[in-house]
Amino acid sequence: MKKLFGVIGDPIAQSMSPVMHNDAFERVGIDAYYHPFHVQPAHLSAAVQGMKAIGVNGFNVTIPHKAAIIPLLDRVDPLAKSIGAVNTVVWENDGWTGYNTDGSGFVRGLQEEYGTSLEGKNMLVIGAGGAARAIYYTLAFEGAGRIDIANRTVEKGLELLNGCPVPVEGAAFSVAEAAEQLEVYDIIVQTTSIGMVPLTDESPLPVDRLKQGTFLSDIIYNPLETKIMREAKLRGARVQSGLKMFVYQGALAFEKWTGLTPDTKRMEEVVLNQLEEKNVNN
Ligand code: ATR
């Protein structure tokens with residue numbers, strides 16, 4: 001019988017996960033279908049129960065349900081629990097288990113393009129929302145050296161640091177303070193929505209103090225090159241978009257559901273094609 005997977009969110013029409021996963025299922029030869037489900041917050045609990053009742057095998061969770069779904073699951077992986085967000089749910093041992101593959105997807109993509117070990121590197125995370133927490137805590141679990149936070153609201157940055165489940169050195173700064181000392185960082189991770197379509201002419205912070213050779217990773221993938229990436233490149237930085245993070249969070253979910261490793265190069269091509277189509281149609 002065909003296996004059923006999906007993604008729940010509100011809105012959901014924009015999601016690129018269905019095309020990416022349906023193609024991946026076909027490539028590995030699994031008879032499965034991945035559907036985008038539009039679930040409003042008031043229906044989240046019923047949706048999770050309904051998924052169980054009709055025998056869905058696993059699903060992704062996106063905005064605005066990543067935190068709200070936690071109490072509705074049977075088990076939550078410790079890293080996802082400390083992040084406070086679940087993006088992948090797997091049917092296992094007669095119940096739903098929640099995981100977070102956003103942080104590990106990010107770290108995998110960063111490691112691939114950064115090339116050398118992250119050990120001992122001085123990092124800065126811009127932003128202190130859900131995405132920043134997933135990335136910060138996963139980097140801390142992976143044994144990163146020092147990770148500072150820059151956020152518009154400094155208290156939120158401090159809260160993020162204080163909630164980190166593993167000890168890691170780091171301080172919380174305002175965005176202006178971080179911009180003044182940008183030369184101390186080897187890796188900068190941009191996690192806010194600033195620069196995303198349609199407001200592509202915005203940047204979270206000035207990069208004139210950036211060190212030559214710094215690696216800047218922006219988790220935005222639409223556009224594939226944000227304003228801060230363009231400016232950082234002009235100052236001699238290496239840059240990456242959020243495309244790899246998106247592909248790897250999906251690939252890690254796929255592995256949890258199927259036990260198989262999908263072709264991530266192919267997944268990347270599928271997402272790129274979709275982005276192009278979107279931009280042509282808009
Ligand atoms: P996500 O789950 O995508 O990380 P979020 O939890 O809403 O989204 O977090 C958004 C992050 O982007 C926050 O760090 C937010 O800063 P505040 O904590 O000060 O709200 C940051 N952010 C969003 N819009 C911003 C803007 N216009 N200027 C500065 N920071 C902004």
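Student: In this predicted model, between which two strands is the loop where Thr62 is found?

Tutor: Thr62 is not placed in a strand itself but in a loop, and that loop has a strand on either side. The strands that bound the loop holding Thr62 are β3 (58–61) and β4 (75–76).

Student: Is Thr62 buried, partly exposed or exposed?

Tutor: The relative accessible area of Thr62 is 21%. Buried would require a value under 20%, and exposed a value over 50%, so Thr62, at 21%, counts as partly exposed.

Student: Which residues is Thr62 in contact with, leaving aside its neighbours within four places in sequence?

Tutor: With those sequence neighbours set aside, the contacts of Thr62 are made with four named residues. They are Val7, Ile8, Gly9 and Ile12.

Student: Which positions does UniProt list for "binding site"?

Tutor: The list comes from an unreviewed UniProt entry, and Thr62 is among its positions. Ser15, another position in that list, is in the loop between β1 (3–9) and α1, and it counts as buried because its relative accessibility is 16%. In full, the record gives Ser15, Met16, Ser17, Thr62, Asn87, Asp102, Tyr221 and Gln249.

Student: How do the axes of helix α1 and helix α9 cross: parallel, antiparallel, perpendicular or oblique?

Tutor: The axes of α1 (residues 17–28) and α9 (residues 243–258) come within 11 Å of each other, and they cross at roughly 50°. Angles under 35 degrees would count as roughly parallel, and those from 65 to 115 as roughly perpendicular, so α1 is described, relative to α9, as oblique.

Student: Which kinds of residue make up the contact of α1 with α9, nonpolar, polar or charged?

Tutor: From α1 the contact takes in Ser17, Met20, His21, Ala24, Phe25 and Val28, which meet Phe246, Val247, Gln249, Gly250, Phe254, Trp257 and Thr258 in α9. Sorted by kind, the residues of this contact are eight nonpolar, five polar and no charged.

Student: Which residues does Val271 touch, not counting those up to four places away in sequence?

Tutor: Val271 lies in helix α10 (residues 264–281), and it is buried, since its relative accessible area is 0%. Its contacts include Met20, a residue of α1 that also takes part in the meeting with α9. Altogether, Val271 touches Met16, Met20, Leu243, Phe246 and Val247.

Student: How far apart in space are the end C-alpha atoms of residues 116–199?

Tutor: An unreviewed UniProt entry annotates residues 116–199 as "domain: Quinate/shikimate 5-dehydrogenase/glutamyl-tRNA reductase". The span is 32% helix and 19% strand, and the distance between its end C-alpha atoms is 33 Å.

Terms used: Residues are numbered from 1 along each chain as its sequence is written. This is a predicted model: local features need pLDDT of at least 70, side-chain atom pairs count only at pLDDT 80 or more; totals for chains, interfaces and linings use all residues. Side-chain values use heavy atoms; hydrogens and water are left out. Axes are lines fitted to C-alpha atoms, for helices over the stretch in contact, and angles run from 0 to 180 degrees between N-to-C directions. Helices (H or I, at least four residues) and strands (E, at least two) are DSSP runs, numbered from the N terminus. Angles under 35 degrees count as roughly parallel, over 145 as roughly antiparallel, 65 to 115 as roughly perpendicular and the rest as oblique. Contact means heavy atoms within 4.5 Å. Ala, Val, Leu, Ile, Met, Phe, Trp, Tyr, Cys and Pro count as nonpolar, Asp, Glu, Lys and Arg as charged, and the others, Gly among them, as polar. UniProt positions are given in the numbering used here, feature names are shortened, and annotations may be inferred rather than shown by experiment. Buried means under 20% relative accessible area, exposed over 50%, partly exposed in between (1.4 Å probe, protein chains only).
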